[in-house]
Amino acid sequence: MGMTFTAREIAERVAGLVEGDPDRRLAGIAPAGSAGPEHLTYVVNEKYARHLADNDAGAALVPTDLAVEANGTTLIRVENPELAFSKLIVLFVPNEDRRPGVHTTAVLEPGVVLGADVTIGPFVTIGRDAMIGERTEVGPGSVIGSGVIIGDDCNIGPSCTLLRGAVVRDRVRLHAGVRLAVDGFGYASGPDGPVKIPQVGRCIIGSDVEIGANSTVDRGSLGDTTVGSGTRIDNLVHIGHNCQIGSNCFIVAQVGIAGSSVVEDGVRLAGQVGLAGHLTVGAGAAVGAQSGVMTDIPAGEFWSGYPARPHRMWLRSTSMFYKLPELARRIGEFEKKSGKEGP
Amino acid sequence: MGMTFTAREIAERVAGLVEGDPDRRLAGIAPAGSAGPEHLTYVVNEKYARHLADNDAGAALVPTDLAVEANGTTLIRVENPELAFSKLIVLFVPNEDRRPGVHTTAVLEPGVVLGADVTIGPFVTIGRDAMIGERTEVGPGSVIGSGVIIGDDCNIGPSCTLLRGAVVRDRVRLHAGVRLAVDGFGYASGPDGPVKIPQVGRCIIGSDVEIGANSTVDRGSLGDTTVGSGTRIDNLVHIGHNCQIGSNCFIVAQVGIAGSSVVEDGVRLAGQVGLAGHLTVGAGAAVGAQSGVMTDIPAGEFWSGYPARPHRMWLRSTSMFYKLPELARRIGEFEKKSGKEGP
Amino acid sequence: MGMTFTAREIAERVAGLVEGDPDRRLAGIAPAGSAGPEHLTYVVNEKYARHLADNDAGAALVPTDLAVEANGTTLIRVENPELAFSKLIVLFVPNEDRRPGVHTTAVLEPGVVLGADVTIGPFVTIGRDAMIGERTEVGPGSVIGSGVIIGDDCNIGPSCTLLRGAVVRDRVRLHAGVRLAVDGFGYASGPDGPVKIPQVGRCIIGSDVEIGANSTVDRGSLGDTTVGSGTRIDNLVHIGHNCQIGSNCFIVAQVGIAGSSVVEDGVRLAGQVGLAGHLTVGAGAAVGAQSGVMTDIPAGEFWSGYPARPHRMWLRSTSMFYKLPELARRIGEFEKKSGKEGP
């Protein structure tokens, strides 16, 4: 049984203005389409506001200037309902799972240093001389290699692997099954075929980074692979060895970045994008879903396609692509006509 | 040492008609290309039937009306040999691994409810108040979060992660490394950059669903992510938050579905297909391998391409694509000719 | 504190010729761009050689005939600096983690056979009658199924899953989260919809194979899935059931190979390539990144594109693709002109 809050209490926490009953009591949260009298919800535009007319949500965060047919719902007017709502969620859905301490089943090798109030789950293995920062949680079954360094207030999900060479700054969140500091795909040409180049560099993850489930980040071959602070990485993403990923990037699910590429600050790579190795995507650039990037992309540009080109160029060519049979017909007709009568 | 069966016993189990020696004794199964005298095999068409002439398989399930050169092989005629064979496999390859009980190393938090005859493997962690149905197996090293609900007769593979918010119906099979109820990729725009929206919805997996190794399904952000009953999902698939996947869909390896998309019943998505967010693929539609779907697809249609379009449209344009240099040459010639002589 | 070596000692190990101070003492390794006086580094061409002029690396492996401005760096001339360097890395970065023995937490079922000097990590589960070869390491949390066979000198990373049917030869390296012998995606058409075909074949991994993190290889449905010796597979790769992958192939990250396809010896598949099922890529062929292969590829050819075609054909068509708007304009002009004045 969670706590309840009045609409007024909610409004105070997000500096909102109440329209309707400020004493309305809320016990939970729900999407606008399914909210009932005990729920707080939110809407961002007319499309979703219509839900408020169709059901009997208890209260809703709504944009300052949006016309809403309230149907008894108490409105709480704020500038950015999504942002306000995201701050309120924790009131109704507290994280109850955290209980600091080291589970009795965890295996810690000699020299491990644990910060205050860490939470180490069952069946965790922590290698020699690894360091875990204050208040950091390590989920069940995760493996922290020798010498790995993890900062404060991190959340390492279940079944993660941080191998030797991994360095994780503060407030990093790794979801289940993330693999850090994996050997990259590096081979030298030998007389009898390829020879594995031992991978000995680091894999440095900046503060406030989030990495999605089952994603993999290789360690540097000799230098470092780095992911800048504030960068968000989705599920099943691959980042190759020696890549330099900037700060505050968004890297959506199933993106693959080949070795030694540079992704500068604030870049957005949509789902399933592939980047070839040894290239640079400039700061603030964006790449459309499934694009195949084979050349550098200048800062600030939006590219798409396979191979990727400036988005408008790709759009124009793609729209012509689906008119190719028509174009071919016109050429054929012209040839026929001119062959018969023509010049 | 497994059991042996006569061709007659085999035929009775699948309502087949024996041609040849009904007392032929079979001790195992093998593909048509490598079956020996002790093996039962099957063929579905002429191409594979030729193997029966080339080797000395003990018995073979063959289609009712297929002409077969038997070479001593006992034939068992059935309508659908593949289906019949799939039912017989269990006779020869029994699943010996299941031994109900809770392994002594498993960690169960308070309030866990276990159904009769569950099998909980070594190093499994089950969080507070989770419920596991009857005869369900949980493989070694899997992590079941607090409050998770798993139905009857499920098979949760090794090293899976079912986080808080996961609800799994009956007879669901999750292969190794599946991650359910992972946080989706959701951020609100804040004044100082993106702010993570806490993900608190559920991830509901219908009955008879199968999910392949290392696939990930996000939990809903506020509502639910759902996968309908009977849907088959292959390895390394990503399903984003708030997606609604219908019943009896086939989703092949490495498909990625961005958040809030709707895939209706009976849809088939081939390997590496990408779906953008917030779109709908209508019931019974199919999408060709590696296609990039950026718009809704009407029910029952077959689409392909990047961006995806109706398959025949894509086929025609693609065949012209590889004739583009020829088209360009024809245009150039025409221009030259007309420039010299022309109109 | 690692060991130190003189430039002369280094040169002797790789049959190199010293230019400069042979008594220069090296304590570590670093990339050319960041090497200091205590570091050994290497350069392969002019581009990287410039780093030697800009900093004060202790020693550098350089190609026999490359002109280098040394700036005090001791040069060690060898034919193939990358190969030589890869052999020297182990001097400076020894693998200290290996301590043979079976961790007390590991669970071994009856009948398990362990070779001499194996290393079995914490929380490993090994099923009935599995066999692990000499000097092989199994990382923390890995699950080895009943009857699985692993050869000598293998390195099985943390959190791997080798299910019943997996057979792994010698010197195989599996990175974290690899899943072997997973059920393939196989269904027979039944009267009430698809019926799962029990998957009972093997998954055979040849000697000297390397498989990247979170990659998955299905077991054969009835026969075997095989990966030939010396083949290198990167992260997040999917290999479907019954595939026959040859020897000495390179399969880069996020490649997906559908069931029953044949990839012959020495094939190179670049990142995110998709192969449809039941096709053959001939020996020594190569496929460009993100290509979608829907037909057989002859031995030795280089193909690209979606759908894949011979690389030069794709290159020419792709370059025309981005000129389509221009082509369409030329056709339009011609039509206009000829309509007005023309034939």
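This is a guided tour of a predicted model, arranged as a series of selections to make in the viewer.

**The chains as copies**

Begin by selecting chain A and chain C together and superposing them: chain C can be laid on chain A with an RMSD of 0.1 Å, by a turn of 120° and a shift of 0.0 Å along the axis. That is the relation of a three-fold axis.

**Domains of chain A**

Keep chain A and colour residues 5-92 and residues 101-315 separately, which the domain assignment gives as domain 1 and domain 2 respectively. If you place a marker at the C-alpha centre of domain 1 of chain A and another at that of domain 2 of chain A, the two markers will stand 38 Å apart.

**The contact between chains C and A**

Next, bring chain C back beside chain A and select the contact, in which 52 residues of chain C meet 53 residues of chain A. On the side of chain C that touches chain A, at least two residues come from each of α3 (81-92), α4 (311-321) and α5 (324-340) of chain C, and α5(C) gives the most, with six residues. Colouring this side of chain C by class will show 26 nonpolar, 20 polar and six charged residues.

**A lysine in chain A**

Now centre the view on K196(A), which belongs to strand β23 (residues 193-196) of chain A. Is this residue buried or exposed? K196(A) counts as partly exposed, because it has 16 C-beta neighbours inside 10 Å, and a residue would need 20 or more to be buried and 12 or fewer to be exposed. Once neighbours within four places in sequence are left aside, K196(A) is in contact with Y187(A) and with E210(C). Select F185(A) as well, and you will find that its C-alpha lies 8.4 Å from that of K196(A), with the two positions 11 residues apart in sequence terms.

**A hairpin in chain C**

Move to chain C and select residues 187-190 and 193-196, the strands β22 and β23 of that chain, which pair in the antiparallel sense over four bridges. The hairpin that joins β22(C) to β23(C) runs through two residues, and within the pairing A188(C) stands opposite V195(C).

**The nonpolar core**

The next selection is V287 in each chain: of the 201 residues in the largest nonpolar core, V287(A), V287(B) and V287(C) touch the most other members. Zoom in on V287(C) and, leaving aside its neighbours within four places in sequence, display its contacts, among them L269(C), A270(C), V273(C), I297(C) and W303(C).

**The open sheet of chain B**

Turn then to chain B, where 12 strands form an open sheet with mixed pairing, in the order β8-β11-β14-β17-β20-β25-β28-β31-β34-β37-β39-β40. Its edge strands, each of which pairs on one side only, are β8 (101-102) and β40 (308-310) of chain B. For one pairing in detail, select β11 (residues 119-120) and β14 (residues 137-138) of chain B, which run in the parallel sense and are joined over two bridges; here the bridge partner of I120(B) in β14(B) is V138(B).

**The contact between chains B and C**

Finish with chain B and chain C selected together, where the contact takes 51 residues from chain B and 53 residues from chain C. The elements giving two or more residues to the side of chain B that touches chain C are α3 (81-92), α4 (311-321) and α5 (324-341) of chain B, with α5(B) giving the most, at six residues. By class, this side of chain B has 26 nonpolar, 19 polar and six charged residues.

How values were computed:
Residues are numbered from 1 along each chain as its sequence is written. Chains are lettered from A and ligands numbered from 1 in the order in which they are written. This is a predicted model: local features need pLDDT of at least 70, side-chain atom pairs count only at pLDDT 80 or more; totals for chains, interfaces and linings use all residues. Two residues are in contact if their C-beta atoms, placed from the backbone, lie within 7 Å. Ala, Val, Leu, Ile, Met, Phe, Trp, Tyr, Cys and Pro count as nonpolar, Asp, Glu, Lys and Arg as charged, and the others, Gly among them, as polar. A nonpolar core is a set of buried Ala, Val, Leu, Ile, Met, Phe, Trp, Tyr and Cys residues joined through C-beta atoms within 7 Å. Domain bounds come from an automatic or database domain assignment. Copies are superposed by least squares on the C-alpha atoms of residues with pLDDT of at least 70 in both. Two strands pair if DSSP finds at least two bridges between them.
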